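Biologist: I would like a close look at one part of this chain, the nonpolar core. Please go through the helices and residues that build it, and how they pack.

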Amino acid sequence: MRRLAALGLSMALLAAPPAFAGPLDDARAAYQRGDYATAEQLLLPIAEGGSAYAQYRLGLVYAEAVGPMRSPEEAAKWFESATLQGQPYAQYKLAVLYVNGNGVPKDFVQAYLWFSLSARSLAGSGSEALRQRDMLTARMSASQVSDAKKLVRTWRPMKFDPEAIPQR
């Protein structure tokens with residue numbers, strides 16, 4: 001009987017949701033509620049510590065916030081930090097910024113690079129990145145495409161260095 005009660009208690013504890021969500025979960029929930037200030041507060045120390053995912057999420061906060069928190073330059077900074085570590089969603093978002101010259105100078109070669117790497121990392125989910133890259137190619141010169149393809153071939157992710165966070 002005691003074993004059965006202990007088993008029942010163990011099962012109940014395993015099925016119960018955790019009492020506290022992690023900071024990334026809390027930040028995601030705040031972001032989804034539109035509470036960008038809380039999301040920023042939760043993500044910033046994690047992003048500064050080198051988490052590529054937190055850097056990507058922080059970039060989203062700055063890209064999609066409304067009012068004075070909206071900053072394409074800050075979004076680009078954090079997307080770039082995440083992309084340099086190989087974060088595919090940040091690569092896609094940074095490519096879009098380069099296409100439009102939003103927070104960064106308009107640069108089709110850089111956009112091609114990041115769309116290509118995003119598509120490579122996301123495999124089956126990368127079709128949108130491939131579609132965007134292919135549409136962009138029609139707007140590029142042969143020399144730009146050649147330069148971009150060379151960057152794609154030689155690109156390697158980097159280990160995070162907090163001193164190397166791009167300044168905008």
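Modeller: In this predicted model, the largest nonpolar core has 43 residues, and those with the most contacts inside it are Phe79, Leu94, Trp114, Phe115, Leu136 and Met140. At least two residues of this core come from each of helix H2 (23-33), helix H3 (36-48), helix H4 (52-64), helix H5 (72-84), helix H6 (88-100), helix H7 (108-122), helix H8 (127-137) and helix H9 (142-154). The biggest contribution is that of H7, with nine residues.

Some context for the chain first. Its secondary structure consists of nine helices and zero strands, in the order α-α-α-α-α-α-α-α-α along the sequence. The chain has 168 residues, and 39% of them are buried. Of the contacts between residues at least 6 apart in sequence, 55% join residues at least 24 apart.

Leu94 is a good place to enter the core. Apart from neighbours within four places in sequence, Leu94 is in contact with Ala76, Phe79, Glu80, Thr83 and Trp114. Leu94 belongs to the H6 side of the contact between H5 and H6, and is also among the H6 residues that meet H7. These two helix pairs can be taken in turn.

The axes of H5 and H6 come within 8 Å and cross at roughly 140°. With angles over 145 degrees needed for roughly antiparallel, H5 is therefore oblique to H6. The crossing of H5 past H6 is left-handed. On the H5 side the contact is made by Pro72, Ala75, Ala76, Phe79, Glu80, Ala82 and Thr83, and on the H6 side by Ala90, Gln91, Lys93, Leu94 and Leu97. By class, these residues divide into eight nonpolar, two polar and two charged.

For H6 and H7, the axes also come within 8 Å, and the crossing is at roughly 155°. H6 and H7 are therefore roughly antiparallel to each other, and H6 passes H7 in a left-handed crossing. From H6, Pro88, Tyr89, Gln91, Tyr92, Leu94, Ala95, Val96, Tyr98 and Val99 take part; from H7, their partners are Phe108, Gln110, Ala111, Trp114, Phe115, Leu117, Ser118, Ser121 and Leu122. This contact has 14 nonpolar, four polar and no charged residues. Trp114 and Phe115 of H7, both in this contact, are also among the residues with the most contacts inside the core.

Trp114 gives a link to helix H9, where alanine 148 is placed. The C-alpha atoms of alanine 148 and tryptophan 114 are separated by 9.5 Å, with their positions 34 residues apart along the chain. Alanine 148 has a relative accessible area of 0% and so is buried. Not counting residues up to four places away in sequence, alanine 148 touches Val109, Tyr112 and Met140. Met140 is another of the residues with the most contacts inside the core.

On the other side of the H5 and H6 pair, consider alanine 52 in helix H4. Alanine 52 counts as buried because its relative accessibility is 17%, under the 20% limit. Beyond its neighbours within four places in sequence, alanine 52 is in contact with Ala82, Gln85 and Gln87. Ala82 is one of the H5 residues that make the contact with H6. From alanine 52 to alanine 90 is 38 residues in sequence and 8.6 Å in space, C-alpha to C-alpha.

Towards the start of the numbered core helices, H2 and H3 pack at an angle of about 150°, with their axes 8 Å apart. This angle makes H2 roughly antiparallel to H3. H2 passes H3 in a left-handed crossing. Pro23, Leu24, Asp26, Ala27, Ala30 and Tyr31 of H2 and Tyr36, Thr38, Ala39, Leu42, Leu43 and Ile46 of H3 make the contact. The classes here are 10 nonpolar, one polar and one charged.

Tyrosine 36, in helix H3, is buried with a relative accessible area of 17%. Leaving out residues up to four places away in sequence, tyrosine 36 touches Tyr31, Val61, Glu64, Ala65, Val66 and Met69. Tyrosine 36 and valine 61 are 25 residues apart in sequence, and their C-alpha atoms are 6.0 Å apart in space.

Methods:
Residues are numbered from 1 along each chain as its sequence is written. This is a predicted model: local features need pLDDT of at least 70, side-chain atom pairs count only at pLDDT 80 or more; totals for chains, interfaces and linings use all residues. Side-chain values use heavy atoms; hydrogens and water are left out. A nonpolar core is a set of buried Ala, Val, Leu, Ile, Met, Phe, Trp, Tyr and Cys residues joined through side-chain atoms within 4.5 Å. Buried means under 20% relative accessible area, exposed over 50%, partly exposed in between (1.4 Å probe, protein chains only). Helices (H or I, at least four residues) and strands (E, at least two) are DSSP runs, numbered from the N terminus. Contact means heavy atoms within 4.5 Å. Axes are lines fitted to C-alpha atoms, for helices over the stretch in contact, and angles run from 0 to 180 degrees between N-to-C directions. Angles under 35 degrees count as roughly parallel, over 145 as roughly antiparallel, 65 to 115 as roughly perpendicular and the rest as oblique. A crossing is left-handed if the near helix is turned anticlockwise from the far one by less than a right angle, and right-handed if clockwise. Ala, Val, Leu, Ile, Met, Phe, Trp, Tyr, Cys and Pro count as nonpolar, Asp, Glu, Lys and Arg as charged, and the others, Gly among them, as polar.
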